[in-house]
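Welcome! Please take a look at the structure below, and then let us walk through a few of its features together.

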Amino acid sequence: MSERRLKHWGWGYEDQAPSRDELVAAAAGIRERFGFGGEVEEPVALDEVELRAPRLKVPDAFGELFTEEHYERVAHGLGKAYRDVVRGFRGEFENPPDLVAFPRDESEIEVVLSWAEAEGAAVIPFGGGTSVVGGVEGRLGDRPFVSMDLRKLDRVLEVDAESLAARIQAGATGPGLEDQLREHGLTLRHFPQSFEYSTLGGWIATRAGGHFATLYTHIDDLVESVRAITPRGAWESRRLPGSGAGPSPDRALIGSEGILGVIADAWVRVRPRPEYKSSCGVEFDDFHAAARAIREISQSGLYPTNCRLLDALEAGTTGAGSGEKNLLVLGFESAQLPVEEPMRLALDIARTHGGTPGDPRTSGPTGRNRPPGEGFRPVGGESEDAVGAWRGAFLLAPYLRDTFVACGVLSETFETAITWDRFEEFHAETMEAVRAKVAEVCGVPAEGNGSPRVSCRFTHVYPDGPAPYFTVIAPAIRGGEVEQWDEIKAAASEAVIEGGGTITHHHAVGRDHRPWYDRQRPTPFAAALRAAKGELDPAGMLNPGVLLDP
């Protein structure tokens, strides 16, 4: 039997790709629902993809550590942004790695780095390949490079049940590490949308956002210490619950996107698996009234696990609502204590701002109310209420985007964060700028049937501000999708930066966000980062062009 493989161009496994009949049916449904979408096109088959010849020769001295196999070079050539999926769909892999390396331990990471440096090659660390910002694509011109795939380093190495911590290798995927922690009755509880395929090392390198909408929103909050292999030796911080001893060595690696070293493993904070859970959908007539309710909840100290707001269009598009009401998806969980009381208090706050709650769904130690990652399924939800419908749509979204590409629909997102005092104006100006640019680029009216759909939701909220996440669905220009999205993305990024937001809240910088990241970061900090990279990586071999120029 052949090994199950990930699709070479899109999301999920090869055997999850819909049939042509299913795509034709989907295209008809899309046209009926959105008023746009074209005839179904087929992706370029793997054996029809043409790649440039490798500029590096597989070294015989290291066994099977390196490969130039066609599938591996293709599958490691792009990330999973819309522009990546489109190019992969059309068989356009302009920057494939010359070789792919699969280290099995730290010594083999060191071998890859030392060999590549001697060859004058670059190295791009690769976890699950789910980057949506150009973080794994080697746009390096004539410089050869190796894609270093870390997924063979996939074990939970140690568990400290007394301190509630675990040491986990960087290549462990979300389901893989959760399965291993489950044996100890523990969970990391970090469930980004890419959970099924992304890795711990990738989460740390990109400062990924996860399951918790408040309090522990980023992987930063769950990291106790990090160990990385740099071209000039191992970098390992002391394992501590906290420290005031100078700038944090862990913080320097968290969000470093592979430019300082290759993350090998990390001690992370884990917790007992939750036994008590409660979820509820709350409808609002007014989006900004809902935002004010969320602000009060986020400042109340209740710290809901889930506190995600979907505007009416987003709720209708995902099937979580009718499309006429804005929807707050609210949830609490605990390993030790019932959560009915904090849910009651949060719903009271929502009511004072005009919210209409549904019936809370509550479960105790024998309940089966599972969030993503527990009995994880890539499709569907386990309930028919608004919360279950939203959860199912959240998990399905990356799969559906492949279908949209085949059916001539542009579907992509961008996200940011902004303080509460600036949110209403920021939201209005960003929505207006993006709607106008989408209508202009797509050649369709800004309003009415067949118009583009631009919606907003909150993914995470803080006492001082929300993280708005915008979705664009519009008619694609066949053959010009990449240029089309690049124009829209540029307009969105300009609106975000000019409005005072961050160019990314949890999707990293990569190569796609570089022009706006360079404007956001302080100039002296950029100089300090260049100096650190120069000391650790004097050959400039680690992921050049991400965060810094080569």
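Here is a short tour of one strand and its partners, followed by two surface patches.

Please keep in mind that this is a predicted model.

Let us begin with strand E8, which spans residues 223-230. Eight of its eight residues are buried, so E8 is largely enclosed by the rest of the structure. A residue is called buried when its relative accessible area is under 20%.

Which strands pair with E8? Strand E10 and strand E9 each do so, and the table sets out both pairings.

| Partner of E8 | Residues | Sense | Bridges | Example of facing residues |
|---|---|---|---|---|
| E10 | 262-269 | antiparallel | six | Ala228 and Ile263 |
| E9 | 233-236 | antiparallel | four | Thr230 and Gly233 |

The link from E8 to E9 is a hairpin, with two residues making the connection.

Now for the surface. Leu215 lies in the loop that runs between helix H6 (200-206) and E8. Together with Tyr216 and Tyr303, Leu215 makes a nonpolar surface patch of about 280 Å². Is Leu215 buried, partly exposed or exposed? Its relative accessibility is 41%, so Leu215 counts as partly exposed.

A second patch carries charge: Glu92, Glu94, Glu483 and Glu487 gather on the surface as a patch of negative charge. One of these residues, Glu92, sits in the loop between helix H3 (82-89) and strand E2 (99-101). Glu92 also counts as partly exposed, because its relative accessibility is 35%.

Methods: Residues are numbered from 1 along each chain as its sequence is written. This is a predicted model: local features need pLDDT of at least 70, side-chain atom pairs count only at pLDDT 80 or more; totals for chains, interfaces and linings use all residues. Side-chain values use heavy atoms; hydrogens and water are left out. Patches are made of residues with over 30% relative accessible area and no salt bridge: like charges are joined within 9 Å, nonpolar side chains (Val, Leu, Ile, Met, Phe, Trp, Tyr) within 5 Å. Accessible areas come from the Shrake-Rupley method with a 1.4 Å probe; for residues, only the protein chains shown count as cover. A salt bridge is a side-chain nitrogen of Lys or Arg within 4 Å of a carboxyl oxygen of Asp or Glu. Lys and Arg count as positive and Asp and Glu as negative; His and the chain ends are not counted. The place of a charge is taken as NZ of Lys, CZ of Arg, CG of Asp or CD of Glu. Buried means under 20% relative accessible area, exposed over 50%, partly exposed in between (1.4 Å probe, protein chains only). Two strands pair if DSSP finds at least two bridges between them.
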